[in-house]
Amino acid sequence: VVSTQSTGFDIFVLPGFQEKMKLQRTIVLLFALFVLCIESVPVRPKRPVRPIGDGPSWSYCSGDPGYVKLSTFDMSPYPIHKGQQLNTTISGVLGAPISGGQWSLKIKLGIFPVITERGDTCSLFYKCAPSNQCPCAPGDVVGGVSFPIPGFALTGTYSGVMEVLDENNKRVLCIDLKAQVGKKKKRRSLKAIA
């Protein structure tokens, strides 16, 4: 036991006490870092149609999903290839007639916007009743868009929103997307590292 009198009070310090305190502080800091890392792991979308490894996953946007009941949303090639043309295809059932409007597709990696595409709703739906062009009557519809993927795009999982509005700016369709650009890297398990 060591006695010190620097402030007029006797302080007794047990041998090895300071090393134990440093070790405890280190353990607490490592645990806090571990918790922060776990909290930063992205959450999967709420209602995916299929796993992201098989193709893009999608779910209706929260709130008003619009009046198209979507049956498929697909991208080819998948996974998406950098520097190539991406073709998207949608199909579903239109619940009300449309004769115009605008669509937008916004894709980002994390918080960074990467691609923003816009167009005319009539150019999006290329197969609909009665004449396979706008105006479209309620019923089955097929559509899609194509656009280039930049060669500098980073490999990773991208998220996006596709929104389709009619001629009165009423929502026809809104979906949240997740898609893979490039091949996913395989993660090593902790057992393999240890």
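V161 is found in strand β10 of this predicted model. Its relative accessible area is 34%. V161 therefore counts as partly exposed, since the value falls between the limits of 20% and 50%. Beyond its neighbours within four places in sequence, V161 is in contact with seven listed residues: C61, S104, L105, K106, C174, I175 and D176. Of these, C61 is 100 residues away from V161 in sequence. In space, the two C-alpha atoms are 8.0 Å apart.

The strand that holds V161, β10, belongs to an open sheet of five strands. The order across this sheet is β3-β11-β10-β6-β7. The pairing is antiparallel. Strands β3 (57–60) and β7 (112–120) form the edges, and each pairs on one side only. From one strand to the next, the twist averages 15 degrees. In general, the strands of a sheet pair through backbone hydrogen bonds, and the pairing may be parallel or antiparallel.

At the β3 edge, the partner strand is β11, residues 171–181. Four bridges join β3 and β11, and the two run antiparallel. Within this pair, W58 stands opposite L177 of β11.

Pairing was also found between β5 and β9. These two strands are antiparallel and share 10 bridges. L94 has G139 of β9 as its bridge partner. Strand β9 is also joined to β8, by three bridges. This pair, too, runs antiparallel. Here K127 stands opposite V142 of β9.

Strand β8 also contains F125. F125 has a relative accessibility of 1%. Because buried means under 20%, F125 counts as buried. Leaving aside neighbours within four places in sequence, F125 is in contact with V68, I90, I98, C136, V141, V142, G143, V164 and V172. F125 and G144 are 19 residues apart in sequence. Their C-alpha atoms are 6.7 Å apart in space.

In soluble globular proteins, nonpolar side chains tend to be buried together. The largest nonpolar core of the model has 34 residues. F73 and F125 touch the most other members of this core. Seven strands each supply at least two of the core residues: β4 (68–76), β5 (85–94), β6 (102–109), β8 (125–128), β9 (139–148), β10 (156–165) and β11. The biggest contribution comes from β11, which gives six residues.

The structure holds one salt bridge. R171 and E163 form it through their side chains, with 2.9 Å from N to O. What is the exposure of E163? Its relative accessibility is 23%. E163 is therefore partly exposed, as its value lies above the 20% limit for buried residues and below the 50% limit for exposed ones.

Confidence in the prediction was examined last. The mean pLDDT of the protein chain is 77. Of its residues, 68% reach 70 or more. Over residues 37–52, the pLDDT is below 50. In the model, this stretch has 21 contacts beyond near neighbours in sequence.

Definitions and conventions
Residues numbered from 1 in each chain as written. Predicted model: local features only at pLDDT ≥ 70, side-chain atom pairs only at ≥ 80, totals over all residues. Heavy atoms only, no water. Pairing = 2+ DSSP bridges. Axes fitted to C-alpha atoms, helices over the stretch in contact; angles between N-to-C directions. pLDDT = per-residue confidence, 0-100. Contact = heavy atoms within 4.5 Å. Core = buried A, V, L, I, M, F, W, Y, C linked by side-chain atoms within 4.5 Å. Buried < 20%, exposed > 50% of the residue type's maximum accessible area, 1.4 Å probe, protein only. Salt bridge = Lys/Arg side-chain N within 4 Å of Asp/Glu carboxyl O.
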